[in-house]
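Colleague: I would like to learn how to read loops, cavities and helices in a model. Could you take me through them?

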Amino acid sequence: MSQGVRTGPEASEQALSTAYDTALLDLDGVVYAGGSAIAHAVESLEKAREGGMHLAYVTNNALRTPDAVAGHLTELGIPTGAADVITSAQAVARLISEQVPAGARVLVIGGEGLRVALRERGLEPVESADDDPAAVAQGYGGPDLAWGRFAEASYAVARGVPWFASNTDLTIPSGRGIAPGNGAAVEVVRIATGAEPQVAGKPLPPMHRETVLRTGAERPLVVGDRLDTDIEGAFNGGVDSLLVLTGVTDGRQLLAAPPHHRPTYVDADLRGLLTGQPEVTAAGDGFRCGGWTATAGADRLALEGDGEALDGLRALCAAAWTAAGDGSCDLDGGKALARLGL
């Protein structure tokens, strides 16, 4: 990744699955949604793996263990071992282990994934603030996590026990829609105590470090659907990224992205791993990709031409990001996106 401000999606003559040695794949919104595989995900990942790309699955969801995640992926038709799954629970457990004595007790506010990760680091999960914990670890505990668990965390944090959070995603996708995530639960404890946790998950460096340590990736490509976790995490780690449009990010959000939320590449879904990426070129006072030319006016983005919708979106990104510089683009791109059906 270049160190300057990105002003448009980059091109790649090679298929991304051969240009990079490891894909660091988000799960929800990228590989599956509501427990079911997203269209084209299974066959695309199979072809990428057959071509020599190492596939690793990186999730901020601390609830499930790597074994459980690997089992789910395998059931979907994506053969996966537990070693190929990296969770924010593992990242926060390492972070805690570096700051407390070996064998220390840790108050767990979360699920089995967090307990397993702590034990892996030689730490002892406990359930009460009265168990003399050396730290509090908070991770997503599922929709049935009892309200009293937040009180337990608050009691310990108010006594000065160091507080750690696996991640602070405010929402999490579910089969029925968008549900409150661990970040919403963290806000409950923050309001009660006035304290701030140390956070390990995407987009922060501890998660990237955990991923690289576990995969040994030398030329990683982060693949995600969220600008504020996946793409920002890649930016913070200094690595390239592919945004797929199968999850939460829409065209308006992408065009308004500040520099740390701008992906290297943009594609519809995981089939983008198997192809090169088209070049976006300057064309007069605008930017051209495929059959489309995008320009930035005084108050809106304009689009002319025809062709593949994604090429139009890439051209619009270049126009929007160039106009915004190191800020966020506030130009109206609604009509241009409507022409693309986005």
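Colleague: Let's begin with N61; where is this residue found?

Modeller: This is a predicted model, so keep that in mind as we go. N61 sits in the loop that joins β4 (54-59) to α3 (66-75).

Colleague: What does the side chain of N61 lie 2.9 Å from?

Modeller: A polar atom of that side chain is 2.9 Å from the backbone nitrogen of L63. If we set aside neighbours within four places in sequence, N61 is in contact with D28, T87, S88, Y140 and I172.

Colleague: Now to cavities. How do I read empty space, and how many cavities of 30 Å³ or more does the structure hold?

Modeller: The general idea is that a probe the size of a water molecule, rolled over the atoms, shows where empty space is left. Here, three cavities reach 30 Å³ or more. The largest has a volume of about 200 Å³, and the second largest about 130 Å³.

Colleague: Which residues lie nearest the centre of the largest cavity?

Modeller: You will meet N61 again: with D28, N60, D169 and I172, N61 lies nearest the centre, among 19 lining residues. Two elements, β10 (171-174) and α9 (227-237), each supply at least two residues of this lining. The largest share, three residues, comes from β10.

Colleague: And what is the lining of the largest cavity like by class?

Modeller: It has eight polar, seven charged and four nonpolar residues.

Colleague: Which residues are closest to the centre of the second largest cavity?

Modeller: They are V58, K202, H208, T211 and V222, out of 15 that line the second largest cavity. By class, nine of its lining residues are nonpolar, three are polar and three are charged. At least two residues of this lining come from each of β1 (22-25), α8 (205-215), β13 (220-224) and α9.

Colleague: Last, helices. How should I read which way the residues of a helix point?

Modeller: An α-helix has 3.6 residues a turn, so residues three or four places apart point the same way. Try this on α5 (residues 112-120), where G113, L114, R115, A117 and L118 are buried, each with under 20% relative accessible area.

Colleague: What covers the buried residues of α5?

Modeller: The cover includes two strands that come after the helix, β7 (124-126) and β8 (135-138), together with α4 (88-97) and β6 (105-109).

Colleague: And what follows α5?

Modeller: G122 follows α5, and its phi is positive, near 80 degrees.

How values were computed
Residues are numbered from 1 along each chain as its sequence is written. This is a predicted model: local features need pLDDT of at least 70, side-chain atom pairs count only at pLDDT 80 or more; totals for chains, interfaces and linings use all residues. Side-chain values use heavy atoms; hydrogens and water are left out. On a 1 Å grid over the protein atoms alone, a cavity is a set of points where a 1.4 Å probe fits but cannot get out, and a pocket is an open set with protein on both sides within 12 Å along at least five of seven lines; lining residues have an atom within 4 Å of a point. Grid points are joined across faces, edges and corners, and a volume is the space filled by probe spheres set on the points. Helices (H or I, at least four residues) and strands (E, at least two) are DSSP runs, numbered from the N terminus. Ala, Val, Leu, Ile, Met, Phe, Trp, Tyr, Cys and Pro count as nonpolar, Asp, Glu, Lys and Arg as charged, and the others, Gly among them, as polar. Buried means under 20% relative accessible area, exposed over 50%, partly exposed in between (1.4 Å probe, protein chains only). Contact means heavy atoms within 4.5 Å. A polar contact is a pair of N or O atoms within 3.5 Å; within protein, one must be able to donate a hydrogen and the other to accept it, and residues adjacent in sequence count only if both atoms are side-chain atoms.
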